[in-house]
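Biologist: Please take a close look at the salt bridges in this model. For each pair you describe, set out where the two partners lie along the chain and how covered they are, and then turn to the sheet around the loop that recurs.

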Amino acid sequence: MNSNIPSTERMNSEDRSNQTGSGQPVKSWAAELWDWVKTIVVAFVIMMLLNLFVFNLSMVKGQSMQPTLVERDRLFVNKIVYDIGKPSRFDVIVLRDPSEGVEKKEFLVKRIVGLPGDTVEVRDHHLFVNGEQQAEAYTDTEVQDPDFGPITLEDDHYFVMGDNRHEGKSKDSRVFGSITSSEIVGKAEFIFWPFSEIKKL
């Protein structure tokens, strides 16, 4: 027998060494790495687009929304909800800070308490809207700041306040005036962190 002719058993063994158990060629580590890189890049781009147009994850800074929100709470902010509907009374929203000066921040978290056409007033340490005192279960004290208003809101204007009604604790529409829908980033739907505080707003 010619010893130069490889046996069938030897050929099969070599073939198997170049194939996976499924009969597919073995991927090199470089190809595997490239697949992972592409997956990560695509996922990152999708998350960036969603964050830009659909939702935002924000962290609470400051005390103006206590007791509802506390420092470092993480919020899920719906950025498209007001593209298909209008803000409602008592919505918790994220807005661009319309104030000026050294204390100006990029974003604020506040609660809508007045809608277009409403007359808003703080009198005798209580919030009144259209002459009716508001029952504000989300606060833990009466308004300790000086009385305010009354003012009547124009079309597309909203009056916002922080839930913290202790004196000087909230910079809101009593300071910078009413806001328009163009200044609203989105609606804070729920707290998603810390886990022990997860709740819908």
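Modeller: Glu189 and Lys200 form a salt bridge, with 3.6 Å between their closest N and O atoms; the term stands for a side-chain nitrogen of Lys or Arg within 4 Å of a carboxyl oxygen of Asp or Glu. Because Glu189 belongs to strand β11 (residues 184-193) and Lys200 to strand β12 (residues 199-200), the pair ties together parts that are 11 residues apart in sequence. Strands (E, at least two residues) and helices (H or I, at least four) are DSSP runs numbered from the N terminus. The model is predicted, so that local features need pLDDT of at least 70 and side-chain atom pairs pLDDT 80 or more, whereas totals for chains, interfaces and linings use all residues. Residues are numbered from 1 along each chain as its sequence is written, and side-chain values use heavy atoms, without hydrogens or water.

The two partners in this pair differ in cover: Glu189 has a relative accessible area of 13% and is therefore buried, while Lys200 has 63% and therefore counts as exposed. Buried means under 20% relative accessible area, exposed over 50%, and partly exposed in between (1.4 Å probe, protein chains only).

Elsewhere, salt bridges that share partners join Asp145, Asp172 and Arg174 into one network. Within this network, Asp145 forms a salt bridge with Arg174, and their closest N and O atoms are 3.2 Å apart. This pair links distant parts of the chain, for Asp145 is in the loop between β7 and β8, Arg174 is in helix α3, and 29 residues separate them. Asp145 has a relative accessible area of 13% and so is buried, and Arg174, at 15% relative accessibility, therefore counts as buried too.

The loop between β7 and β8 also supplies a partner to another pair, since the side chains of Glu136 and Arg165 meet in a salt bridge at 2.8 Å, N to O. Here, too, distant parts of the chain are linked: Glu136 is in the loop between β7 and β8, whereas Arg165 is in the loop between β9 (157-161) and α3 (173-176), and the two residues are 29 residues apart. Glu136 and Arg165 are both buried. The count of salt bridges by the stated rule comes to 9, including the three pairs described here.

The strands on either side of this loop belong to an open sheet of 4 strands, which has antiparallel pairing and the order β7-β6-β5-β8. In this sheet β7 (132-133) and β8 (148-152) are the edge strands, each of which pairs on one side only; two strands count as paired if DSSP finds at least two bridges between them. The partner of β7 is strand β6 (residues 126-129), the two pairing in the antiparallel sense over 2 bridges. Among the residues concerned, Phe128 has Gln133 in β7 as its bridge partner. The loop that holds Glu136 and Asp145 thus runs between the two edge strands of the sheet, and from this loop Glu136 pairs with Arg165, while Asp145 pairs with Arg174 in helix α3.
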